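Hello,

Here is the structure I promised to pass on to you. Please have a look at it first, and then read my notes below.

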Amino acid sequence: MGKTTTSVNLAAALSMHGQRVLVVDLDPQGNASTALSIEHRGDVPDMYKVLVEDMPLGEVVKEVPDMPGLYCAPATIDLAGAEIELVSMVAREARLQRALGAYKAIEFDYVFIDCPPSLGLLTVNALMAATELLVPIQCEYYALEGLGQLLRNVDLVRAHLNPTLDMSTILLTMYDGRTRLASQVAEEVRSHFGDTVLTTLIPRSVRVSEAPSYGQSVMTYDPGSSGAMAYMDAAREMAYRGAAV
Ligand SMILES: Nc1ncnc2c1ncn2[C@@H]1O[C@H](COP(=O)(O)OP(=O)(O)OP(=O)(O)O)[C@@H](O)[C@H]1O
Ligand SMILES: [Mg+2]
């Protein structure tokens, strides 16, 4: 949990630092598109058309209103069908990788691919197209349960499709400093994953959860809020790490 919120807010934060950032919405729910005020109803060109009908990505990518340098490739509910239609297609796991590779109009500094909750062909396309994997972990008990499964799947993808996929970053989110549980989860994750875990913690914050209903990231909805400042710090950490490699 926290995938969409993390993608949208880190992307917004990086764009506010002058980076060119694309958010690819790969979830038929279209939550990232909603949070960025990008139309994703009716027959707007979306990631379904890119993945299944070979529409060039450039015909889908839209600039996010009032956020220079931030772009979004939306998902409509059509994308739910892609999960099934891709099954019988040639190079079905590599459709997104190919579409991104063919896109030359803008040279992005960062591309965030927001995945759906399940590990189907859409997520596999994302894992194959990506060089790095960013995993948000909710600082609550259940969060650790799904992690083993995710790691096994990442190993499978590495073995068969994308040997260089690097789980480079873990971000602890929805941290509630008043509970012991939150700090215990944070400690446990840090002891397992060491430097992969960003120092910055994203606090549980009502402002973060309110922002999408205004079609905004929390970065513009309430820039002074604890959530916005934490995402800004996390983006800075990521940028420094990238620069150091
Ligand atoms: N730091 C936070 N503080 C408060 N609420 C948060 C925070 N981060 C995320 N949420 C809320 O938690 C819910 C789940 O977050 P989000 O949509 O980012 O998860 P997701 O992993 O994308 O879920 P899905 O798998 O359904 O796509 C949302 O309602 C979101 O507003
Ligand atoms: Mg989501």
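**Around S225**

S225 sits in the loop that runs between α10 (218-221) and α11 (226-244). Please keep in mind that this is a predicted model. Is S225 buried or exposed? With a relative accessible area of 7%, S225 is buried, because the cut-off for that is under 20%. Leaving aside residues up to four places away in sequence, S225 touches R207 and V218.

**The annotated stretch**

An unreviewed UniProt entry carries the annotation "domain: AAA" for residues 2-167. Over residues 2-167 the chain is 40% helix and 15% strand, and the C-alpha atoms at the two ends are 17 Å apart.

**The chain overall**

The protein chain has 11 helices and 7 strands. Its C-alpha atoms fill a box of roughly 50 × 40 × 35 Å along the principal axes. The radius of gyration of the protein chain is 17 Å, which agrees with the value near 18 Å for a compact globule of 245 residues.

Of those 245 residues, 51% count as buried. Among contacts in the protein chain with a separation of 6 or more, 75% come from residues 24 or more positions apart.

On the outside, the accessible surface of the protein chain is about 12000 Å², and 55% of it belongs to carbon and sulfur atoms. As for charge, the protein chain has 18 positive and 30 negative side chains. The centres of these two sets lie 3 Å apart.

Enjoy looking through it, and best wishes!

Definitions and conventions. Residues numbered from 1 in each chain as written. Chains lettered and ligands numbered in written order. Predicted model: local features only at pLDDT ≥ 70, side-chain atom pairs only at ≥ 80, totals over all residues. Heavy atoms only, no water. Helix = DSSP H or I, 4+ residues; strand = E, 2+ residues; numbered from the N terminus. Buried < 20%, exposed > 50% of the residue type's maximum accessible area, 1.4 Å probe, protein only. Contact = heavy atoms within 4.5 Å. UniProt positions renumbered as here; feature names shortened; annotations may be inferred. Rg over C-alpha atoms; globule rule 2.2 N^0.38 Å. Areas by Shrake-Rupley, 256 points an atom, 1.4 Å probe, with all protein chains shown as cover. Lys, Arg positive; Asp, Glu negative; His and termini not counted. Charge placed at Lys NZ, Arg CZ, Asp CG, Glu CD.
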